[in-house]
Amino acid sequence: SSLYGDAAFGGSVNIVSAAIEQPRNVALTTGYGGFWDNGKWVGDMQKQSLEFQSGLIDGRWNFSGRYSRQISDGYRKDSWYDGWAYHLSLSRLDPRMTTTVNVYGGPMKMHLAYYGISKDQLAADRRFNPLTYDNETDNFNQPHYQLHHVYQVSGAMTLANTLYYIRGKGYYEQLKRDADYRLYGIEPPYREITDSIGNLVRQQWVHKNQIGWNPRLDIEHPRGTHSFGGSFYYFESDHWGEVVWGENLQAAFDPRFTYYRYSGKKQVGSVYLTENYDLTPKLTSQATVQLRYQDYRFDQEKMGIYPGHKYTLHWLFFSPRLGFNYSLDQNTSAYVNAAVSSRTPSDAEIYDAGDPEAAPLLDVQSERVLNIELGGTYRGPQVALGANLFWMNYHDEIISQGGINANTGVPLTVSADRSVHAGIELTAVVKATKRLELSGNMAWNHNRVREFTSLFQYDYSSLDSIHVVDFKNKTISGFPDYLANLIIDYRADRFRATWRARMVG
């Protein structure tokens, strides 16, 4: 909805479906592979897709679609995947407007394999998966429905609108060994007083709905373009947990026993104004201002040992951006950009609702970043080069603390008072011959905490074990210092070979 999206750090992804006026065709793609371990073939993978394009019918209508299926045994034991996906699109062209309806989704079921293992287990069996319960699965489906409409108001004015609806539904099923029944609200008479621990199978469900509208108006003028737009949506989700089987439980036990339930609702609205302006024939500018409001309401039922928290939070962000691009000649340009952006903490960072012992952190701060970039590009007939220097100064960045919540498996995070991400990014493309192209990129990153101290208590029975830890100038986990990619691509008339190498360190 704007150059940086609603509140994106590190970039936005804009997904555009295939152009309407494509030639009529049908394509079938199939692939087969697998996993090799210690000289043995240990699992298959296969995927197929069928894609069709109607071409333009009567100069006005277009219909296209795609069906795909993927099945995998997985590399780790008991880590299979079974899913399929679909995409259907109907478009109509009129003299001054285009209307498109898209429907797509991807129902899937997969066996979970996310637990780590010890070094000794890794040495003994790299494929070991501690989750051996047959139906330890993730089951999910989230279809999308979209209506896109573009109207050419005049030769210089274009109005675009998108309406959409997203519906998600799914659950995890997990076997919990030696579970404490009290954590699941299972009390007598459903269990004997002496039987407070046993194996049980739980499902954690979610139903969610989102409806939204994205308008945009572009007005061309002699020296550039004005753009006005926004993003407005309403989101609601319902979460609950069920115990579907348990040891040592009475016959009266409900096979769909609900032990927690909570819901969340979000109302989000943002508006933006963008101006692209040619200051001189060689110097162009781009300025954006955006105002974004978010209302978040959380409601937890008091159930068993879950306390029943309820709260409402509001955020209001103002995000400006200014950039300049100077063309030295037809092939070479330089640019500088400065931007301020903000991001709300995630739901789990405010309150880990799956942990009955957690409490909402209603004072957790939203992230705020000042980003400055300086770079240049060269694009010639055989060579293209690019360099970018960036410096990102964060306040209240939410970073990994290390470790996970023992009850829910959610990574632990903290809010650092101030942190910095800086570095240099280099890109290059060389067309060595008519058929051979070499390309690559490399980034060196400096990711450091600047201001943050925290209290740690190593022995909860002793106040003497409380220590103040200063994280100043410590590296931030999850951000590698070096990233690099190299691609060698050879194309003949009916043959293509690609070699890729990647480094992360």
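Count up the secondary structure of this protein and you get two helices and 23 strands. What you're looking at is a predicted model, so read the numbers below as properties of that model. Along the principal axes, the C-alpha atoms take up a box of roughly 85 × 55 × 50 Å. The chain has 505 residues, and 34% of them count as buried. As for how the fold is wired, take the contacts with a separation of 6 or more: residues 24 or more positions apart account for 60% of them.

On the outside, the accessible surface comes to about 29,600 Å², and carbon and sulfur atoms own 57% of that area. If you're thinking about electrostatics, there are 50 positive and 54 negative charges, and the mean positions of the two sets sit 8 Å apart.

Now for some strands. A good place to start is β17, which runs over residues 383-404. On one side of the pairing pattern there's β16, residues 367-379, which pairs with β17 in the antiparallel sense over twelve bridges. The link from β16 to β17 is a hairpin of three residues. If you'd like a specific pair to click on, try E373, whose bridge partner in β17 is F390. Then there's β18, residues 411-431, also antiparallel to β17, with 18 bridges between them. Here a handy pair is S400 and its bridge partner in β18, T413. As a general reminder, side chains in a regular strand alternate between the two faces of the sheet.

Back in β17, have a look at the backbone of D396. This residue belongs to the strand, yet its phi is positive, at about 60°, although it is not a glycine. D58 is another spot to check on a Ramachandran plot: its phi is near 55°, again a positive value in a residue other than glycine. The setting of D58 is a loop, the one between β2 (40-53) and β3 (61-72). Is D58 buried or exposed? Its relative accessibility is 75%, so D58 counts as exposed.

Another loop aspartate is D254, found between β11 (224-246) and β12 (257-278). With 36% relative accessibility, D254 counts as partly exposed, because that value falls between the 20% and 50% cut-offs. Pair D254 with E242 and you have two residues twelve apart in sequence, with their C-alpha atoms 9.7 Å apart in space.

Finally, let's go to N129, which lies in the loop between α1 (119-124) and β7 (137-141). Why does N129 count as buried? Its relative accessible area is 2%, and buried means under 20%, so N129 qualifies. And what does the N129 side chain reach? One partner is the backbone oxygen of L112, at 3.3 Å. A polar atom of the same N129 side chain also lies 3.1 Å from the backbone nitrogen of L131. Leaving aside residues up to four places away in sequence, N129 touches R76, K77, D78, H111, L112 and A113. L112, then, turns up both in that set of contacts and as the owner of the backbone oxygen that the N129 side chain reaches.

Methods. Residues numbered from 1 in each chain as written. Predicted model: local features only at pLDDT ≥ 70, side-chain atom pairs only at ≥ 80, totals over all residues. Heavy atoms only, no water. Helix = DSSP H or I, 4+ residues; strand = E, 2+ residues; numbered from the N terminus. Buried < 20%, exposed > 50% of the residue type's maximum accessible area, 1.4 Å probe, protein only. Pairing = 2+ DSSP bridges. Contact = heavy atoms within 4.5 Å. Areas by Shrake-Rupley, 256 points an atom, 1.4 Å probe, with all protein chains shown as cover. Lys, Arg positive; Asp, Glu negative; His and termini not counted. Charge placed at Lys NZ, Arg CZ, Asp CG, Glu CD. Polar contact = N/O pair within 3.5 Å; in protein donor to acceptor, adjacent residues only side chain to side chain.
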